[in-house]
Amino acid sequence: MARLSGCSVATVSRVLAGSRPVGAETARRVRAAVDSLGYRPNHVARALRSRSTGTIGLVLPQITNPFYPTLVRELTRALHTHDRAVILADCDDDPTTEAARIDALLARQVDALLVVPVDEKRSVAAVTAAAARVPLVLLDRGCGPGVADSVVVDNAAGIQLVLDHLAAAGRRRPCFVGAAGTASAAVERLAAYESGVGALDPQAPGRVELGEFSVEWGRAAVDRVRAHRPDAIVCANDLIAIGALQRLRQLGVDVPGEIAVTGFDDIPMASLTDPGVTTVRQPVAELAAEAARLLDRRLAGEKTGPSRTVRLGPELIVRGSSTTDCSGPADAAPGADAAWAREPAGNPAS
């Protein structure tokens, strides 16, 4: 390759490794020789020499949640700009599996880890141990202060955007449907509702039902909250909101005329329901870019120093599930005593 390009072996090595700058014409000749010979670099040998595999481990709680494929896509794009590949591990919302996946990735000699922790408390031991070995950034959820660098959305600000929107729409009897457990996103969104909703109704902080981040729970929760006769359901994520919309349609309840429904995350399905789900959009591309930036700083040599937390601002996306401006005229005013106050039409949700 050196003979064909007319360059020294050292120059060819620098071009292929990208370790030091070379002239544009020299680089062109080397790459032309590479293409002509069909050369492919041996990444295993390169890793042995450089003690870097060029791989980042990404640990997710549940890949079936539609929010995470979007996050994976943006992270892959951001890391590829730094010539780094991603190894994905799904832990099915189980902290024990999560710890095993982290150990397996470390055994593969990944250069760093990106982790969306299953649980703020039960994930701490595995995450802390891993962060002592390689650069680690937490995404979307936290594990308490000082554990590792993290990039998260401001969940409290997102819920407040929802509450302000509902107040402006004249809603005065909201309830909250969220997820049980100690995942930080679930805890923060519930806390933000409880601390902010009293301005709409002093009784509203007590109108809470907790289950899981799923469509099935959203359907079942509608029957749970019905006794409260709310005029709005604030859901902790879009999957819950979509399930709630399905059950309300089955009951013949007018959305948004009798009751508004809101979500969180802005997954692709949120715009495809009828009506579309008003939701809080997470800045996923920015989240991925900030995570890549934090990792790059640690991998570049900034091994020590205090952990950093980047908190990103969310955006309210208003659709027809909360306002007639988006869905056309409604037959009833907010909170009207119509289908929502009657017995269920059809079988109750499972």
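**Close-up 1. Asn-65 sits in the loop between strand 1 and helix 5 (67-80).** This is a predicted model, and we start with a residue that is tucked away: Asn-65 has a relative accessible area of 11%, so it counts as buried. Leaving aside residues up to four places away in sequence, Asn-65 touches Asn-237 and Leu-239.

**Close-up 2. Phe-67 and Tyr-68 make an edge-to-face aromatic pair.** A search of the whole structure turns up 2 aromatic pairs. In the one shown here, the ring centres of Phe-67 and Tyr-68 are 5.4 Å apart and the planes meet at 70°. Are these two rings buried or exposed? Phe-67 has 4% relative accessibility, so it counts as buried. Tyr-68 comes out at 2% relative accessibility and therefore counts as buried too.

**Close-up 3. An open sheet is built from 6 strands with parallel pairing.** Read across the sheet, the strand order is 2-1-3-4-5-11. Strand 2 (85-90) and strand 11 (309-312) are the edges, each pairing on one side only. From one strand to the next, the twist averages 15°. Zoom in on strand 1 (residues 55-60) and you find it paired with strand 2 over 6 bridges, in the parallel sense. Which residue of strand 2 is the bridge partner of Leu-58? That would be Leu-88.

**Close-up 4. Helix 7 lies across strand 3 and strand 4.** Helix 7 covers residues 124-131, while the strands under view are strand 3 (112-115) and strand 4 (136-139). The helix runs at about 145° to strand 4.

**Close-up 5. Asp-93 and Asp-140 are two non-glycine residues with positive phi.** For Asp-93, phi is near 60°. You'll find Asp-93 in the loop between strand 2 and helix 6 (95-107), and its 41% relative accessibility makes it partly exposed. For Asp-140, phi is about 70°. Asp-140 belongs to the loop between strand 4 and strand 5 (149-153). Is Asp-140 buried or exposed? Its relative accessibility is 4%, and under 20% means buried.

**Close-up 6. The largest nonpolar core takes in 69 residues.** Which residues have the most contacts inside this core? They are Leu-114, Leu-139, Val-151, Tyr-193 and Ile-233. Helix 11 (residues 238-251) supplies the largest share of the core, 8 residues. There's also a second, separate core of 19 residues, with Ile-102, Val-118, Ala-126 and Val-134 among them.

**Close-up 7. Tyr-193 is one of the residues with the most contacts inside the largest nonpolar core.** Not counting residues up to four places away in sequence, what does Tyr-193 touch? Its neighbours include Ile-159, Leu-163, Pro-174, Cys-175 and Phe-176. Ala-204, Pro-205, Arg-207, Val-208 and Val-234 are also in contact with Tyr-193.

**Close-up 8. Val-177 is part of strand 6 (residues 174-179).** With a relative accessible area of 2%, Val-177 is buried. Val-177 and Val-234 are 57 residues apart along the chain, yet their C-alpha atoms are separated by 6.2 Å. Val-234 is also among the residues that Val-177 touches, once residues up to four places away in sequence are set aside. Others in that set include Ile-233, Cys-235, Ala-236 and Ile-240. Glu-209, Trp-217, Ala-221 and Val-225 are in contact with Val-177 as well.

**Close-up 9. Arg-189 lies over the face of Phe-264.** How far is Arg-189 from the ring centre of Phe-264? The distance is 3.8 Å.

**Close-up 10. Pro-256 and Pro-275 each follow a cis peptide bond.** The bond from Val-255 to Pro-256 has omega near 15°, and Pro-256 is placed in the loop between helix 11 and strand 9 (260-262). The bond joining Asp-274 and Pro-275 has omega of about 0°. Where is Pro-275 found? Look in the loop between strand 9 and strand 10 (279-281).

Definitions and conventions. Residues numbered from 1 in each chain as written. Predicted model: local features only at pLDDT ≥ 70, side-chain atom pairs only at ≥ 80, totals over all residues. Heavy atoms only, no water. Pairing = 2+ DSSP bridges. Helix = DSSP H or I, 4+ residues; strand = E, 2+ residues; numbered from the N terminus. Axes fitted to C-alpha atoms, helices over the stretch in contact; angles between N-to-C directions. Contact = heavy atoms within 4.5 Å. Core = buried A, V, L, I, M, F, W, Y, C linked by side-chain atoms within 4.5 Å. Buried < 20%, exposed > 50% of the residue type's maximum accessible area, 1.4 Å probe, protein only. Phe/Tyr/Trp six-rings, centres within 6.5 Å; stacked < 30°, edge-to-face > 60°. Lys NZ or Arg CZ within 6 Å of the ring centre and 35° of its normal.
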